[in-house]
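Walk through this model from a sheet to a core, and then to a chain contact. Keep the sequence and the structure side by side.

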Amino acid sequence: MTTGTGTVITYREAMKQAIREALASDPRVFVMGEDVGKYGGCYAVTKGLLDEFGEERIRDTPLSESAFVGAGVGAAVAGMRPIVEIMTVNFSLLAADQIVNSAATLSHMSGGQFHVPLVIRMATGAGRQLAAQHSHSLECWYAHVPGLRVVEPATIDDARGVLRPALACPDPVLIFEPNSLYNMEGELTGAAATADLSTARVRREGKDVTLVTYGASLWRCMAAAEQLAAGGVEAEVVDLRSLRPLDDATILASVRRTRRVVIVDEGWRTGGLAAEVAMRVVEQGFYDLDAPIGRVCSEEVPIPYPKHLEDAALPSVERIVTAVRRTMGDAE
Amino acid sequence: MLSEFRMPALGADMEEGTVVQWNVAPGDTVKRGQVVAVVETDKGAIDVEIFEDGVVREIVVQPGTKVAVGTVLARLEAAASAGAAAPASVVHEDARSSVAASRPSAVNPEASAEALEATAPPVRAKVSPAARVRARELGVDVATLTGTGPGGAITVEDVEKAGVTPRRELPGGMRDAIAAAMSRSKREIPHYYLSLATDVTVASDWLVARNASVPVDERVIFAALLIKAVALACRELEGFSGFYREGRFEESPSVHVGVAVALRGGGLVAPAIMDAADKALPALMEDFRQLVMRARAGRLRASELAAPTIILTSLGDSAVDAVFPIIQPPQVAIVGAGAVGMRPWVVDGQVVPRQVISLSLGADHRVTDGRLGAQFLARIASKLAAPETL
Amino acid sequence: MKREELAAKLLAMVTDIAPDVDPATVIPGIDFRDQFDFDSMDTLNFAIALHRELGVEVPEAEYSRLASLDKCVAYLAGKVR
């Protein structure tokens, strides 16, 4: 079933392989969501799975996030391993009650008698001109909630690997998939097998500054690091991968090496994940800092539709480079 | 009103100096005592402090320029200058006059308060947390650094640069400067010399016992006892701590004991331990230690070099019996100390081995005579006989 | 700590205290005092550095054991982990 390592595939295909593997290896697993069956998923992740696994396991639902996420919670408590797809994080707000008040709480409120081994996949982020109601990055709202696990694979390997530990987890896991990455191609390596729900990864090593990021911004940071290297600044790039819990140890270890941090977060700045990461760095690494912490976030507007405005609202390579230079003390 | 910050005279024979570096820029708020520039002189690169609070308005002399003593280097808006027609305070040859000149005028306190209000509030120096930690580890004074971080903040790199390359080239002119000062001294000052061998067994035993009972970083070396003893003797007898200028002697109200520090590359500096008579021994020792370290790293401050009212030169580590020291003008006395060593000594008619040191005095005959000089040496000896009072 | 490692650390401490000494010229077998006039202040600073960096408290009476790099290594090898 699985594709061997070394193959070049898309992020979408990596995700699909993972779902297919889960369906094939565990009869308790089923997929549920809007247009996941006949249409093949609004981002075509589940395309072809209906023919392969049938209607019992690939279930199209009515347009009611609250109802099908609630059904997923019930199925998980009853012993199934549901994979619920929500089209975008914006629409997940219709199911926020089920996620925050039911899925996240049941294990705690029942004193551990019930678990909710539910996996919810949803697209997130901007960059495809889908306008404000389909383009936001609200990961931090869910990362705020105890009882949930929140992950955001940014690489082919993580997209391929993260579903397995998510399904094995007794708690509800939210998998955020940056919609701008679905067409990204990359090589599948053995690293897919090491995906987990709690650790960050250093994607590029450097000694001068740490870029902490996640999701689609990882690739902007990698491009920025490349550009900075040409100017003699070696940036280390940390991919958070898990947004709840945050891997403080990896972040702080990097900060101790570089003493400077810029956090790149596609969410809005006010009350966002970047603020949380920055505060943890201050709490645990104040005396290691050699410059004020920098943040590059989305502009505080609903993500605009026109291409040039959408681009202007998102963290860009240029803004990241500028923020790093400011941190390094270079005159602007 | 603007006041002028001039090239200070960092010793009697300094005629010119080169501005090596400015630590401040126009618009910066400066505080009295802050190191604002580094000046290269015959005595090495010296950190020069400003003796006035205010805001820098103009840098007149750019780095790399050699100018005569007294040349205006920068202009500043003095915080307390309203109504005061006094010239800008500069570092004078002796600390006393510079201290006097820098006291804010109390003539018109209201105007002063107004002027203070008009001045920007003092800005805390920007030093990154990591740089502060590193500076403490390396013993680097961040006030002497120029930051390269965001907003001119001092970074770890700035500290490490200062910490690992404190070595500044020994100026070729130092030998000439010493020659000039000593020649002038021998030409102008009618020296007389006295020496006194004294039993310091009590002090030396006391020190050994004391050092055995305190942590290693609180240990005191014998030279510190000498400094304190000299300072206390100056308090009790007039005519040894002060300056001889324009035909008359002025006793200094504070006793700043200069300690002669030999530099390994050759040469000698004698920075002062300020108010040595008023300092408890542990504090004096710490100052002494810092001073020697900074002298050897070439990081002395202008005020420390200009301040001594009397100098102690101890050659105790060189195993010589005695020193016949030459006064550094415009001072009027210098105390020498040889090595402390076991000598046959007569106590109550018996010859016994005792720890003995030979103290000597070079003094200005225009100011004091041998009789007073003898009393002065005896006072030092008696202070050493009661080390617990030092 | 290996002996070479200890010697290198000690040399760094010595040249930290005496920044006017070039570490490349220090001869391990000759007393610091004879090589570059290490005086009582330097010795005290050295003892303080040993305490701070290696945690070894050297009594004043044993300062003579710190006279040269070789003597230091011999004296400290057993005391430093």
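What is the strand order of the open sheet of 4 strands in chain B? The order is β1-β8-β6-β3, and the pairing is antiparallel. Strands here are DSSP runs (E, at least two residues), helices are H or I runs of at least four, and both are numbered from the N terminus. Two strands pair if DSSP finds at least two bridges between them.

This is a predicted model: local features need pLDDT of at least 70, side-chain atom pairs count only at pLDDT 80 or more, and totals for chains, interfaces and linings use all residues. Residues are numbered from 1 along each chain as its sequence is written, while chains are lettered from A and ligands numbered from 1 in the order in which they are written.

Back to the sheet. β1 (2-6) and β3 (29-30) of chain B are the edge strands; each has a single partner strand, so one side of each lacks a neighbour in the sheet. β3(B) is joined to β6 (residues 54-59) of chain B by 2 bridges, running antiparallel. In one of these strands, β6(B), G54(B) is the bridge partner of V30(B).

Now turn to β16 (residues 310-314) of chain B. Of its 5 residues, 5 are buried, so the strand is largely enclosed by the rest of the structure. Buried means 20 or more other C-beta atoms within 10 Å of a residue's own; 12 or fewer is exposed, in between is partly exposed, and C-beta atoms are placed from the backbone. I310(B), L312(B) and S314(B) cover one face, with I311(B) and T313(B) on the other.

β16(B) has parallel links to two strands. With β12 (residues 257-259) of chain B it shares 3 bridges; V257(B) partners I310(B). With β17 (residues 333-337) of chain B it shares 4 bridges; I311(B) partners I334(B).

Next, the largest nonpolar core (buried Ala, Val, Leu, Ile, Met, Phe, Trp, Tyr and Cys residues joined through C-beta atoms within 7 Å). Among its 108 residues, I227(B), V230(B), V257(B) and V259(B) touch the most other members. Helix α7 (residues 222-236) of chain B gives the largest share, 11 residues. Beyond four places in sequence, V230(B) is in contact (C-beta atoms, placed from the backbone, within 7 Å) with V257(B), I310(B), L312(B), V335(B) and I380(B). A second, separate core has 98 residues, including W268(A).

Last, the contact between chains. Chain C supplies 17 residues and chain B 18. Helix α3 (residues 40-54) of chain C gives the largest share of the chain C side, 7 residues.

Terms used: Two residues are in contact if their C-beta atoms, placed from the backbone, lie within 7 Å.
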